[in-house]
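This report goes through one protein chain, from the whole fold to single residues. The sequence and structure come before the text.

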Amino acid sequence: MNYMTQNAWITLTITVVVAILLIFEILRPDIVAILTLSAIGIFQLLPVNAVFSGFSSSVVITIIGIYILSASLHYTGAAYWVGTQLYRFSGTSNTRLIIATTLAAAALSLFMNNVAVVGVLLPAIITLAGKAQVPIRRLMIPLAYGTILGGMSTLLTTSNLIVSSALEQAGYAPFTIIDFFPIGIPVIFLGLLYLIVVNQINRRQFIDKLPYNKEKSYIQRLLSHYNLTDQIYLLDVLPASPTIGKSLSEIRGTFPPDTQVLGIVRNRRVLNLLKGPAVIAESDQLISIGQNIQSFCDDQHLSIKKDRFDIQPYLNGIYSFHEVSVPAHMHHDKFPLCSDIPVMQENELIPLALTRQEQIFNEQILQMAPLEGDTFLCFGDYAGLTAFQQQTGWRVTQMDPNTIQRPGKWLQAFLIAIITIVIAAFNIIPVHLAILSGAGLLILNGCIDKTKIYQVVDWQTVFLVAGLWPLGLAIKETGLAETLVNQIHLMRFVDTPWLLAGAVLLLSMLFTQIIGGQVAGIISIPITISIAQAANLDPRSLGMAAALGCSFVFLMPFSHPVNLIVTRTGNISVKEFLRLGTPFFIILFVAVMLGLHFIWGL
């Protein structure tokens, strides 16, 4: 009988304590990870260099590169284009949003690394959520599930590659890229069906009771604060309108002081926002904001098509609403009136309202003198906002997080991302090196502001992964994993191939929840091969069970970097993730077991 060593007991204790702290959210996850790393070092469960090896691990390097890649795609507008294409399919339908997100993630995961998929799609899904006006976090679970299930369906996932390589080293035929398809592809659609059913049946009991559904978007909050929600209109251009044949710049001088036209809409598509070469045509629509809109319509032969117009779906990612404030000790003689500011004179940044000593003004803003402490709501693009800062020295207090800052760089960003994906997919160089190199090229090409590189990386996620990484190593190196398997005595209690496959599947899943799929594959496949040989079974069949078990990461956010990224982005708690993942885990387990029986003969 094998007994656990002292180090194995210490490692087991640390693992249990970490699980309790994370599941019940007693401490912040990254703090738990740092304490875990410290405990492993203090008890000397690993050499000192191995304790800190997580910070140089391929997973951490990949995550850092992914954040830079994602931010670059967002800032240049490349992600906005992808999100727009998805929105054309989904519209605002919850079901179609889930289908678009899940299938897009699954399709990419068939050919590339899972973490890289999230890096590419995350900003696009954020754009999709903004256009559809749903909370970002509502699409984070479909993004995670689609990515993981797509990865489960192909050889190119890390854990599947590890299992296949181990089989080859043991003298057995490795898996091919299509060996995972017969079980994996149906499982993708099973996951999609599960997400749709949860959304449809349990929406009132689960989704709508979560606090995030009561939160307003960034734009909704700003417009509500400045009492402008009721003052945005969609206007029809009538045949006799004098605005026909003119651009927004040409007609802006005809506006009343308290009215602004922000954009032209044609066939439900925005042609111009604020400025641009397009001219107004008959049957176009104008997005307008102001109080005395009816008198403006009468003068310009326009009619109100829709009041309380929701402008958010019509924003193109470049133009949006921002807040700027007048700093202390400002020289009032520099700009006696707002209209004296060059950027506002040229209509590159339009002031719509201001807050002064808790009082809100939204009339005649251009004719008001800016005072210390004033906060203005403005409409414009990033270039106008930057020029405004340079001219005035005022501070930007709130900028739309979805603003495209470098629209002229979208093609370079898109091409670099595609090249990076291809290199990573075909393993021309290691994935982490490909992602980091792609991030470097994006920085050199100016696709992201160099001063924002460290701001776009979620360092809590980095420390969480790096801190928990040595725990996986300790479970392996202290003999805890091997001891636990030996104590189970699988061969005594399981005498049928199907139940044996179930035991291997559960064992791999258990390791995956604790130490992640990559490390779980390294630990479980040697044990699986030994079990198969002892039971006179095909090691490839049981190896398939072990590989699929390493993708059962639907219970805990910490079992895969993809889960960490989406839960951090969507602010999804461990309990919420577990509540949604537990039923799917059971369904998925049954489906995979049926696949192993009917397809792999177990």
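## Residues and packing in the chain

Tryptophan 498 has a relative accessibility of 36% and so counts as partly exposed; buried means under 20% relative accessible area, exposed over 50%, and partly exposed in between (1.4 Å probe, protein chains only). Tryptophan 498 belongs to helix α23, residues 497-515. Helices (H or I, at least four residues) and strands (E, at least two) are DSSP runs, numbered from the N terminus. With neighbours within four places in sequence left aside, tryptophan 498 is in contact with Met593, His597 and Leu602, where contact means heavy atoms within 4.5 Å. Methionine 593 is 95 residues from tryptophan 498 in sequence, and the two are 7.7 Å apart in space, C-alpha to C-alpha.

The model is predicted: local features need pLDDT of at least 70, side-chain atom pairs count only at pLDDT 80 or more, and totals for chains, interfaces and linings use all residues. Residues are numbered from 1 along each chain as its sequence is written, and side-chain values use heavy atoms, with hydrogens and water left out.

### The chain as a whole

The protein chain has 27 helices and 10 strands. Of its 602 residues, 56% count as buried. Among contacts between residues at least 6 apart in sequence, 78% join residues at least 24 apart. The chain exposes about 25,900 Å², and carbon and sulfur atoms supply 60% of that area; accessible areas come from the Shrake-Rupley method with a 1.4 Å probe, and for residues only the protein chains shown count as cover.

With a disulfide taken as a pair of cysteine sulfur atoms within 2.5 Å, the count is zero. Cysteine 297 is buried, at a relative accessible area of 1%. Cysteine 447 is buried too, at 0%.

### Helices α6 and α8

Helix α6 (residues 94-109) packs against α8 at an angle of about 30°, and the axes are 7 Å apart. Here axes are lines fitted to C-alpha atoms, for helices over the stretch in contact, and angles run from 0 to 180 degrees between N-to-C directions. On the α6 side the contact is made by Ile98, Thr101, Thr102, Ala105, Ala106 and Ser109, and on the α8 side by Pro142, Leu143, Gly146, Thr147, Gly150 and Gly151.

Alanine 144 also lies in helix α8. How accessible is alanine 144? Its relative accessible area is 0%, so alanine 144 is buried. Not counting residues up to four places away in sequence, alanine 144 touches Val562, Asn563 and Val566. Valine 553 is 409 residues from alanine 144 in sequence, with 9.8 Å between their C-alpha atoms.

Arginine 138 sits in the loop between α7 (114-132) and α8 (140-152). Arginine 138 is buried, with a relative accessible area of 13%. Which side chain does the side chain of arginine 138 meet in a polar contact? The partner is the side chain of asparagine 94, at 3.2 Å. A polar contact is a pair of N or O atoms within 3.5 Å; within protein, one must be able to donate a hydrogen and the other to accept it, and residues adjacent in sequence count only if both atoms are side-chain atoms.

### Loop residues

The table lists four residues found in loops between named elements.

| Residue | Loop | Relative accessible area |
|---|---|---|
| Arginine 268 | between β2 (259-266) and β3 | 75%, exposed |
| Serine 283 | between β3 (269-273) and β4 (285-290) | 59%, exposed |
| Glutamine 357 | between β7 (349-356) and β8 (359-361) | 78%, exposed |
| Glycine 393 | between α16 (382-392) and β10 (395-399) | 49%, partly exposed |

Backbone angles add to the picture for two of these. Serine 283 has a phi near 80°, a positive value in a residue other than glycine. Glutamine 357, likewise not a glycine, has a positive phi near 50°.

Distances along the chain and in space are available for the others. Arginine 268 and glutamine 285 are 17 residues apart along the chain, and their C-alpha atoms are separated by 8.6 Å. Glycine 393 and proline 327 are 66 residues apart in sequence, and 8.0 Å apart in space, C-alpha to C-alpha. Glycine 393 touches Pro327 and Phe388, residues up to four places away in sequence not being counted.
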